[in-house]
Amino acid sequence: MNNINESIIFIRRSIRSFIKEKKVEPEKVDILLRAAMQAPSACNKQPWEFLILDDEKIIDSIAPIDKHYVLAAKAPLVIIVLGNEKTTYRGENGLAWYPQDLSASIQNMLLQAVELGLGSVWIGTYPDEVRINGLKKHFNMPEHITRFAVIAIGYSEDKHKFVDRYDSSKIHYNKY
Ligand SMILES: Cc1cc2nc3c(=O)[nH]c(=O)nc-3n(C[C@H](O)[C@H](O)[C@H](O)COP(=O)(O)O)c2cc1C
């Protein structure tokens, strides 16, 4: 087996300190978004949309919405991941499946960031009502677009570092 602690999946960590003045190059933003849209999604509905914040004033403006967004305001790039209630797959019970689709998309982005030499952190939004409603109001978003997550991205002095989370007690073979 290859040395797993060198693979991006194993070394990825949340990075919470950024060199704010060092912008993320547009080519890298493009690769991040391509990685995000490459994710699997229920019935291949791809119900994701992305609001990119690369203007310092606009990034700073989200900090007062919720204390968790103060961290995002420290980054030179913020990607707000959005779910489209109209295009999401819905099962027979009518429930939307976009949370899984968007989570897969975000994980692709976080891993791609490691490969591009960038740090990132997923700042939870859905299903917190203060954050969901705060972002909706702030960006004047339509009803069918759900604010799902805020991803802060940038260059950092902090390094990705492997921590072993393998836990055999969570694995069940053939019966529970
Ligand atoms: C749904 C979700 C919400 C999260 N929200 C926050 C947050 O608000 N602030 C934060 O600093 N980290 C947040 N994180 C990052 C987690 O704290 C982090 O992934 C976890 O502690 C494991 O550490 P690692 O990412 O370095 O492996 C969130 C992660 C997920 C998946």
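Colleague: What makes the crossing of α2 and α5 right-handed or left-handed in this predicted model?

Modeller: α2 passes α5 in a right-handed crossing, and a crossing takes that name if the near helix is turned clockwise from the far one by less than a right angle. The axes of helix α2 (residues 26-36) and helix α5 (residues 98-115) come within 7 Å and cross at roughly 145°.

Colleague: Which residues of α2 and α5 meet, and what is the character of that contact?

Modeller: On the α2 side there are Ile 31, Leu 32, Ala 35 and Ala 36, and these meet Ser 105, Asn 108, Met 109, Gln 112 and Ala 113 of α5. By residue class, the contact of α2 with α5 divides into six nonpolar, three polar and no charged.

Colleague: Why is Glu 115 classed as exposed?

Modeller: Glu 115 is found in helix α5 and has 12 other C-beta atoms within 10 Å; because a residue counts as exposed at 12 or fewer, Glu 115 is exposed. Glu 115 and Ser 7 are 108 residues apart in sequence, yet C-alpha to C-alpha they are 9.5 Å apart in space.

Colleague: How do you know that β2 is largely enclosed by the rest of the structure?

Modeller: Seven of the eight residues of strand β2 (residues 77-84) are buried, and a residue is buried if 20 or more other C-beta atoms lie within 10 Å of its own; therefore β2 is largely enclosed by the rest of the structure.

Colleague: What makes β1 and β4 paired partners of β2?

Modeller: Two strands pair if there are at least two bridges between them. Six bridges join strand β1 (residues 48-53) to β2 in the antiparallel sense, and β2 pairs with strand β4 (residues 145-154) over eight bridges, again antiparallel; both counts therefore satisfy the cut-off of at least two. On the β1 side, Leu 53 has Val 78 as its bridge partner and Phe 50 has Val 81, while Val 81 also stands opposite Ala 149 in β4.

Colleague: Why are β1 and β3 said to stand at the edges?

Modeller: The open sheet of four strands has the order β1-β2-β4-β3, with antiparallel pairing. β1 and β3 (119-124) each have a single partner strand, so one side of each is left without a neighbour in the sheet. From one strand to the next, the twist averages 25°.

Colleague: How do α5 and α6 run with respect to β4?

Modeller: α5 lies across β1, β2, β3 and β4 and runs at about 10° to β4, whereas helix α6 (residues 129-139) lies across β1, β2 and β4 and runs at about 90° to β4.

Methods. Residues numbered from 1 in each chain as written. Predicted model: local features only at pLDDT ≥ 70, side-chain atom pairs only at ≥ 80, totals over all residues. Axes fitted to C-alpha atoms, helices over the stretch in contact; angles between N-to-C directions. Contact = placed C-beta atoms within 7 Å. Nonpolar A, V, L, I, M, F, W, Y, C, P; charged D, E, K, R; others polar.
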